Every structure is written in structure tokens, then in C-alpha cells.
Amino acid sequence: MKLENYQLESYNSEHLAKHQRQLDFITSEISDAQGIIQKLVDFQIAIPSWALGTGGTRFGRFSSGGEPRNLEEKIEDIGLLHKLNGSSGAISLHIPWDTADNTNAIKALAAQYGLRFDAMNSNTFQDQPGQAQSYKFGSLQHVDKAVRKHAIEHNIEVIRQGVELGSKALTVWLADGSCFPGQLNFRKAFQNTLESLREIYAALPNDWKIFVEYKAFEPNFYSTTVGDWGQSLLYASKLGPKAYTLVDLGHHLPNANIEQIVSLLLMEEKLGGFHFNDSKYGDDDLTAGSIKPYQLFLIFNELVEGMDARGMDHREDLGWMIDASHNVKDPLEDLLQSVEAIMIAYAQALSVDRVALQEAQAINDVVRSQEILQQAFRTDVRPLVAEARLRSGAALSPLQVFRKLNVRQELIKNRGSKTVATGL
Ligand code: AOS
Ligand code: ZN
Ligand code: ZN
Ligand code: ZN
């Protein structure tokens, strides 16, 4: 299914007068609204290929129908999202789920939709059909060198596929760990993992990065070999300048201060990027901003502060990716909501009065400091985000257009109602 410009334009023109009134108000309320809008126009968030279908849990899966059946259709879906919001101009692939038969054709298709390839993800948490070695007891950490070798070679193959597509990074998330005390020698598991990562690191092209994603628990419930940001940072530091830590917002123990982690990783020049989502309990992979929008804002507040202090490019210097899984919502609607929430948090962070905040911090004015942050958080910046979309030729309200144009019904008509997206 393809959305045409006139369809968006006709919707936008109907709602333009109201939008303009709201925009005029916020523009008069905050300083540098134009600068913020431009940053929002430039900002792009990568959509994970595995979030385009219904995920399900171990208890069941309820397909919403019309899900992408192959990589081409995944690209088509992200093309739809990007057309609607102008901020989803990248895709993050998971190998082997997304291995392309014809790389050139896939590249051309993505280019047609204005999409680039963000970080490639390797998969050493599942055994593939016919695989000689099993990852049941880990991959890069495994006690058996043959299993480690298999996992290393897979990662190198993922880099090779990524190079062909024009990606510049590899994300390594390991399910490695243990379920019971005594199962694993922690030190040996760490050393094996480091040695394996070193071999993968050696295969990285010069302009590539490797992101080491950490996770507190699941599927292993006693120990995880890259269990927290400290361990990820340890690996990244030992590996070298091309290695960074990746923060998935759902991968912490409850109540972790994620914004502080982000701030310090940035300071150490070791923050690689994000898997955005939200969580109430664990790795819930819920819609970004649906549970803790203030936390999302505080994270962006640290990002803007830290990146500006280091002169970093908001668009290029970090990997901005979503990692989500959908059980009850239309996956595309959910992704539109996530991107919107991320853009809102970014816009709010950009509108923080930094000079005033620094002054308040310098004299320990706790109340004023809090007021300054909450002033930004409580300001309705949605018209700025909508204006950025308008300037990118996208829809003022992507979700409403998605529904008005019956996008899901069209996809079901084309692809069928009993679909299972490849991958998860
Ligand atoms: C798993 O919990 C991680 O978040 C990974 O990023 C994983 O590769 C992704 O969620 C797809 O399963
Ligand atoms: Zn993740
Ligand atoms: Zn996860
Ligand atoms: Zn997650």
C-alpha cells in the first residue's frame, strides 16, 4: 500500500487553522521555537524490523492481520510510518530473520522510501534449523570453544551483510548467563565473552561501531553475562574506541536511575545508542512514554545537555532505535505512538532553560531547579512536533490519518488476516 501526497495534504489542510493557532501560542511562550522545530525535522528514529508484527507472549499470540510476511513488506511498512510522521527514516534489521536474498534490490527499495539502515542485530539466542552447535547454555560465553566460534562467525556474517546494506553498526545482545547458582564460573564466562567479542571487534570496518547491549535478566534468571551498564562499559572499554554501550530502557532492575546512567556514559564517550520502549516491571517492551513519560523526558534532558556540552550531532552521533513488542495494539499504530512520545520528550528537553538551570544548581536552589525542569515537562510542545511533520511533508496527526485511510484494512486485504511476521 502506498500513501499519496495529496491524501496527506487534504487531511492537513482541513486541520491547518487549528494547528496554526496552537503553534502561535507555543511559539510565543518559549524561546527559540524555530530552532527546536528544525532539530525535530532533522531527528530520525529507527524502527526495528521485529516490531512490525504482533509479538505475543508464551501464553498466546493474537495476530492483528496484514503483518509483513518478508523483508520487502517490512520495509514497505516502515515506509508508511515514515511517510506519516517524517521521523522514522531508518530500519534496524535482525539477522537471520531479515537476511536478504538480493541486497541490491533491498537497498533500492529502502532508498525509494527514504530509509537508511541503522544498527544490524545478531541473533545468538535461538538455534536455527539444522544448527550443529546449540546456544542452550550460551553463545559467546560458552564453555565449548566450538559454540563460541559458531556465534563469532554469525556476528561476522551480520557485519558482512550490514556492510552491503550501508549500515554502520552492530548491536550485540546476548541471552548468555545462568539460571542457577553454581551453573557458571562468572570470571570464565566474562573472559570467554570478552575474547569472543574481541574477534568480532577485529572484523569491524574502520567506520563501524559495535554496541554492547546489557540486560538485567531474562531468559536467564540468576545471572546475565552482560547484566548491567557497568559490565557493558567494562567490555566496551576493554574492546576499544569502536565499542559502546547500548541502553534499552527496559533492561534495568526496578527504579534504576536511567538518566544518570545516560549522563555518565555520555561523559565517558561510551554511549552508543538506545532501544526505546517503556516498562512497568521488566523488559516489558511497551510503547515509549506510555508508563513513565517523565523518565523519558529526564533521559532526553541529560542527552541534550551532555551532547551539547560535547558538541555532538543530535542526528548522527548516537543510534536512536525503538525496541518494542506488541500484544494487543496494532503494531503500526503503536510505533506511531512511540515515535510521537520520543519526539515530545526531545522537544521538551530542547526547551529547558539551561542557563537558568545552571544558575539554580550553582546556588543549590533545589526548588527552582525542579521548577525549571517541570516547566518544560508540563509545556504542551505537541504543536512543535506537528509543525516539524508539516515541514517534512508528513501528516499533522499520523495516527488519525492511519485510521482515516484504513491502512490496516488495506494491508489485511493485500496480505491476509492470518499473518505471522517473520522473526518473533
Ligand atoms: C532483548 O531483550 C533485547 O532487547 C534485544 O535488543 C533483542 O535483540 C530484541 O529485543 C529482539 O528480540
Ligand atoms: Zn533491546
Ligand atoms: Zn529487551
Ligand atoms: Zn526491551
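1. In this predicted model, strand β5 (residues 120-122), helix α5 (residues 145-165) and strand β6 together form a β-α-β unit of the right-handed kind.

2. The two strands of that unit are also paired with each other: β5 and β6 run parallel and are linked by 2 bridges. Within this pairing, Met120 lies opposite Leu170 of β6.

3. On β6 there is a second parallel pairing, with strand β8 (residues 209-213), made through 5 bridges. Here Leu170 has Ile210 of β8 as its bridge partner. Leu170 thus appears in both pairings, opposite Met120 and as the partner of Ile210.

4. Is strand β6 enclosed or open to the surroundings? Of its 5 residues (169-173), 5 are buried, so the strand is largely enclosed by the rest of the structure. The burial extends to both faces: Ala169, Thr171 and Trp173 are buried on one side, and Leu170 and Val172 on the other.

5. Turning to the whole chain, the secondary structure amounts to 15 helices and 12 strands. The radius of gyration is 22 Å, close to the 22 Å expected from the globule rule for 424 residues, so the chain is as compact as a globular protein of that length. The C-alpha trace extends about 65 × 60 × 40 Å along its principal axes.

6. Burial and contacts complete the description. Of the 424 residues in the chain, 46% count as buried. Among contacts between residues at least 6 apart in sequence, 80% connect residues at least 24 apart.

How values were computed:
Residues are numbered from 1 along each chain as its sequence is written. Chains are lettered from A and ligands numbered from 1 in the order in which they are written. This is a predicted model: local features need pLDDT of at least 70, side-chain atom pairs count only at pLDDT 80 or more; totals for chains, interfaces and linings use all residues. Helices (H or I, at least four residues) and strands (E, at least two) are DSSP runs, numbered from the N terminus. The radius of gyration is taken over C-alpha atoms; the globule rule is 2.2 Å times the number of residues to the power 0.38. A residue is buried if 20 or more other C-beta atoms lie within 10 Å of its own, exposed if 12 or fewer, and partly exposed in between; C-beta atoms are placed from the backbone. Two residues are in contact if their C-beta atoms, placed from the backbone, lie within 7 Å. Two strands pair if DSSP finds at least two bridges between them. A crossover is right-handed if, with the strands pointing away from the viewer, the path from the first strand over the helix to the second runs clockwise.
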